[in-house]
Structures are given as structure tokens and as C-alpha cells.
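Reader: I have a model on screen and some labels I would like justified. Can we take them one by one?

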Amino acid sequence: MSGMVTEVRPQGRDELNTRVRIGALAPLTRPGWQEAGRHLLAGMELAASEVNDAGGIEGRPLELVVRDTAADPHRAAAAVDELARLGVAALAGEYHSVVARAAATRADALGLPFLCASAVLDELTEQPTPWVARLAPAQSHGWRVYADFLLAAGHRRIVVAAEPSVYWASGARILRDHLGPRGGTVVEVDMRGSTPATVCDTLVDRHATALLLLVGHPEPAVSIVRSVRRDRRLAATLIGAPAGQPEFAAWAASLGEDGAGIPFLRYLPERLGPLGARVGTALRERLDQAPSFVAFEGYDTVTVLAEVLRARGADRAWPPESWASVSVDGTRGRINFSRVPDIGVWQWAWAPVQVVDRDPARPGRFRVLSTGGTSAPRGA
């Protein structure tokens, strides 16, 4: 079952036909990252509400038809089929890369426009498609920024603790390919047959100065962090989480002070402009906590789709050049799409990229360590 998460009040057929419907995909139950899904959905819902407050699409209200992907690619593909049958004008969202790839593949096969909010896997589709676009930076771009941060900080002997996944394997490959020619080495510990103690021993044996967590949260990430923090041999070891796990409140709740000082990638500008600041305030009220970059991605996704639907007409066919004509003010900058080499979808090149950590002195506060590879610690 795909599961309806946002449902409208009972309506007659005529009333439903006046609405412009967008299918919204997000991981809202386990094993999906529920907190990320909640932030993503909050952003999409805020944008839809503002679109409707401004008159909707050609005077017609915009409705999000939400489906919970639960981090399951098969469930996501089935949801795309269902949403297509319901006649949605486009698809929006998704956080997990492997799940987004399944949704993008199905959307491409059906000729259904899909704007992916958060997934970064470079190969979102197996072949170039006119139907899919993406807001998040491709993994090869963001993770190279992260690798440059490691090099600038003097880390060239790296251990990665990795679980089996196309996404994690792609990340490890990007790090090896970028660090290798620059004198770096990357040793992988396969967590299928390893323990946190194994990770600690590998760090010591390899004389590594940094450990990167290419694993899920809460486990095994929490156990690995605690083991490294408590190992006196590893007092100077940097722990990193390029995929962004420390961004969310659940990370701080699980690890407390142990979760601080762990750099991760975040897709926000150094300073939000007026639109971003206003949206950030509204998102904080909706979430009852500081919004993550994922919430801003959700807002921008629906904002872009609404603009395209207004421009071409909600009931007209979606021509392939629709993405090329996009030029929309988003919360994190002006959004335009282009074709990027070796990436088969229309891509915003690029959303801003930061390397950030939680301040060890104040774990509720974030420090910007690097922007686009330029190291310069600042409060955020």
C-alpha cells in the first residue's frame, strides 16, 4: 500500500476537477528517515499554501496528493503509477536517492514530470530524460567539495565505514577518485561483517586521521560514533558524515555532545535572502524547530512546479523544453535548469554547498566550516 498521508475533505467530482494536483513523495514511516520526510513535506505544504493564498494556478487551487515512500523503491514506483492514474500534473519531492531513482525511472516511462527535491545520486535515471529535473546538487559535486575540505584540513588517510547501498558505494567511489590523485587514501570497512570495534582498530592500524560515516542513523552510526569517541587511541580523529545525518534534531538527541564536531554537507547559502528568511521563519513555526535544508528544498520544489504550471497552463501537455525555461527565485537563490555532462536529468547547477558541523561548545548551534571548498569557520 502506498498510503494517503494528506487527504482533502470529501468533494464532488466537479470540485475535484477544478483542482490542480501535484503528487508529493516523501519518507514518512520507517525504515525511511522520518525526520527528513517531515521537513520535506513541511516545505512542500507551506509552498502549496502560499500558492493558493496568491490565487492558485489560473484561479484553481493547488492540492498536494501525498504518498509515503518509506524508503522503499518498489513502493515509490507503485505510488508513481497510482498518482499518474489519479491525473496529477506533476510529481515532487523524495529524499532517499535510491528511492528517487525508482520514482524517476517510472516517471520517465510514463511521461510524467518529476522535480526531485533532495536526492543527489548522479545517475537518477539510466538514460537522459526530458521529464525529470533535480534541485539538489549531484553527489559528485557536493562530495568533491567535502573531499576538498578534508584535504584543506590536512586529512589524507581516510577510513569509511560503509553499508551496502548504491548511494554509499557511489559516495565512496567519488571520494577515492578525488582524493587519490591528490595524495589521499580511502580504506573501506564493510559494516555487514564488522563492528564499531573493528572500525576503531582499522583507524589505528591504517594511521588514519579521519573516519567517514557512510551508514544509516540511528544504527550503526550512533554506536560507531560512541566507540570512536571513547577510544583513547583516537582522540584526535575527525569523524565526518557527508550525507548530512547531523543536520537533524534526532542526531543531537541520540548523541548529545558526542554528535558535535562532525562535519556534514548542507545545501544552504552563507546567508539567506529576504525570501529565504521569511520562509525559514514560517517553517520554524510549522515544525516547532529550526528547519533543515531539506525543508527549504521542499518549498523550492513546489514553488518551481507552480511557476511552470502557471506559465504553460495546468491542463496543457508538458513539452520537453519546460525545464529549460524555468527561472524562479527560490529560498536559496535563483533557480534555473540546464543539462550537465554525465547527468541524465535537468539539473539546477548548483544549489549552494556548505560543510557544517555542530559546535562542540554549543551543540545546538551550527558552524560553517567551508563554502564551496573554501575553509573559513563562521557561526551559523
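Author: What follows covers the sheet, the helices across it and the largest pocket. Note that this is a predicted model.

Reader: What makes S2 and S13 the edge strands?

Author: Each pairs on one side only. The open sheet has seven strands, in the order S2-S1-S3-S4-S5-S14-S13, with mixed pairing. Strand S2 spans 62-68, and strand S13 spans 338-339.

Reader: How do you know that S13 pairs with S14?

Author: Count the bridges. Pairing needs at least two bridges between the strands. Two bridges join S13 to S14 (residues 346-347), so they count as a pair. The two run antiparallel. Ser338 stands opposite Gln347 in S14.

Reader: Which strands does helix H2 lie across, and at what angle does H2 run to S2?

Author: Helix H2 (residues 34-53) lies across S1 (20-26), S2 and S3 (90-93). Its angle to S2 is about 165°. Helix H3 (residues 73-85) also lies across S1, S2 and S3. H3 runs at about 150° to S2.

Reader: What lies in and around the largest pocket?

Author: About 800 Å³ of space lies in it. The lining has 36 residues, and the closest to the centre are Trp33, Tyr95, His96, Trp168 and Gly216. H2, H4 (97-110), H6 (166-179) and H11 (293-312) each supply at least two lining residues.

Reader: Why does Gly216 count as polar?

Author: Gly is placed among the polar residues by the classes used, so Gly216 counts as polar. By class, the lining has 23 nonpolar, nine polar and four charged residues.

Note on methods. Residues numbered from 1 in each chain as written. Predicted model: local features only at pLDDT ≥ 70, side-chain atom pairs only at ≥ 80, totals over all residues. Heavy atoms only, no water. Helix = DSSP H or I, 4+ residues; strand = E, 2+ residues; numbered from the N terminus. Contact = heavy atoms within 4.5 Å. Axes fitted to C-alpha atoms, helices over the stretch in contact; angles between N-to-C directions. 1 Å grid on protein atoms, 1.4 Å probe; cavity = no way out; pocket = protein on both sides within 12 Å on 5 of 7 lines; lining within 4 Å. Points joined across faces, edges and corners; volume = space filled by probe spheres on them.
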